[in-house]
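Let's take a walk through this protein together, starting with the broad outline and then stopping at a few individual residues. Keep the 3D view open as you read.

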Amino acid sequence: LPRIAQVQQSQDGTVKFLLTLHDGAQVETVLIPDDDRFTQCLSCQVGCPMACTFCATGTMGLRRNMTGGEIAAQVLAARLWAEENVPQKPITNLVFMGMGEPFLNWPNVRRALHILTHPEGLNFSRRRVTLSTCGIPGTLQLLAEEDLALPAISLHAPTQELRARIMPKAAHWEITELVAALRRYPLRPRERITIEYLLLGGVNDTLAHARDLVRLLSHLKCKINLIAYNPTPGAVYQAP
């Protein structure tokens with residue numbers, strides 16, 4: 001298992017772990033409380049090559065990919081800690097929203113998904129696993145074929161121009177083409193695609209941006225997760 005190098009706990013019950021892997025590389029995983037359970041946020045790469053301008057991990061660049069076993073082992077490490085410290089709160093949901101872009105490490109992420117959802121593995125329900133991506137052309141069908149997780153899209157802008165400014169690499173997939181691909185994504189009854197939208201003060205958080213977002217997503221079965229930006233040291237953005 002990865003070694004827990006550091007644990008930070010917030011007043012709201014969120015727990016952040018710094019994990020040391022076998023070669024000394026370090027990644028973060030987070031337990032997010034929700035009433036009587038935890039959702040765990042998983043990393044899939046050491047660093048990230050996408051270099052989104054608002055992301056602290058993006059400033060690291062990519063150090064290496066995590067293996068499927070390393071990705072899944074984050075759950076075991078956090079579960080052992082939770083059983084000892086907060087046994088009344090099981091880990092029931094998983095989100096690939098930590099360090100890294102899952103589709104740029106797809107073979108290992110795919111292996112981790114099989115470990116996490118298999119009855120003889122960690123046996124998580126597919127409905128309780130969400131994979132977040134900035135949007136890599138030609139990859140959404142890979143997730144659909146595996147049918148082991150639901151997609152979430154790191155969108156963060158309602159127009160191609162603004163997305164290219166704050167997420168230049170992700171914006172290589174033109175925003176209307178990305179949304180068109182999401183409309184074609186096979187969903188079961190009552191399922192929705194999650195759209196992640198990070199509110200950057202004075203950048204993408206006006207009423208005009210909200211109206212543009214409604215127009216962009218009006219024909220998509222989705223739910224929007226609005227996230228308030230949390231400034232980090234040296235950040236160029238402000239909280240909304």
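A residue counts as buried here when its relative accessible area is under 20%, as exposed when that area is over 50%, and as partly exposed in between. Keep those cut-offs handy, and remember that what you're looking at is a predicted model. Take two tyrosines to try them out: Tyr229 and Tyr237 are both buried.

Now zoom out. The protein chain has six helices and 11 strands. Its radius of gyration is 18 Å, close to the 18 Å that the globule rule gives for 240 residues, so the chain is as compact as a globular protein of that length. If you lay the C-alpha trace along its principal axes, it spans about 50 × 40 × 35 Å. Of the 240 residues, 47% count as buried. On the outside, the chain exposes about 12000 Å², and carbon and sulfur atoms supply 51% of that area. What about contacts between residues with a separation of 6 or more? Residues 24 or more positions apart account for 61% of them.

Next, look for the sheet. It's an open one with nine strands, in the order E1-E2-E3-E4-E7-E8-E9-E10-E11, and its pairing is mixed. Strand E1 (3-9) and strand E11 (222-228) stand at the edges with a single partner strand each, so one side of each has no neighbour in the sheet. From one strand to the next, the twist averages 25 degrees.

What holds strands together in a sheet like this? Strands pair through backbone hydrogen bonds, either parallel or antiparallel. For an example, find strand E7 (residues 91-96) and strand E8 (residues 129-133): they run parallel, and three bridges join them. Phe96 has Leu131 of E8 as its bridge partner.

While you're in strand E8, pick out Thr130, which sits there too. Is Thr130 buried or exposed? Its relative accessibility is 15%, so it counts as buried. Setting aside neighbours within four places in sequence, Thr130 is in contact with Leu94, Val95, Phe96, Met97, Leu150, Pro151 and Ala152.

Aromatic rings make good landmarks as well. Searching the whole structure turns up three aromatic pairs. One of them is Phe17 with Trp81, an edge-to-face pair at 5.3 Å centre to centre with 80 degrees between the planes. Phe17 lies in strand E2 (residues 15-20) and Trp81 in helix H1, so this pair ties together parts that are 64 residues apart in sequence. Both Phe17 and Trp81 are buried. The two tyrosines from earlier, Tyr229 and Tyr237, form an edge-to-face pair too, with 6.1 Å centre to centre and 85 degrees between the planes.

Finally, visit some loops. Between helix H1 (68-85) and E7 you'll find Gln88, which is exposed, with a relative accessible area of 55%. The C-alpha atoms of Gln88 and Asp36 are separated by 7.1 Å, with the two residues 52 apart along the chain.

Another loop, between strand E5 (45-47) and strand E6 (62-65), holds Ala51. Phi of Ala51 is near 55 degrees, a positive value in a residue other than glycine. With 32% relative accessibility, Ala51 counts as partly exposed. Asp147 lies in the loop between helix H3 (140-146) and strand E9 (150-154). Its phi is also positive, about 55 degrees, although Asp147 is not a glycine. At 29% relative accessibility, Asp147 is partly exposed.

How values were computed:
Residues numbered from 1 in each chain as written. Predicted model: local features only at pLDDT ≥ 70, side-chain atom pairs only at ≥ 80, totals over all residues. Heavy atoms only, no water. Pairing = 2+ DSSP bridges. Helix = DSSP H or I, 4+ residues; strand = E, 2+ residues; numbered from the N terminus. Axes fitted to C-alpha atoms, helices over the stretch in contact; angles between N-to-C directions. Rg over C-alpha atoms; globule rule 2.2 N^0.38 Å. Buried < 20%, exposed > 50% of the residue type's maximum accessible area, 1.4 Å probe, protein only. Contact = heavy atoms within 4.5 Å. Areas by Shrake-Rupley, 256 points an atom, 1.4 Å probe, with all protein chains shown as cover. Phe/Tyr/Trp six-rings, centres within 6.5 Å; stacked < 30°, edge-to-face > 60°.
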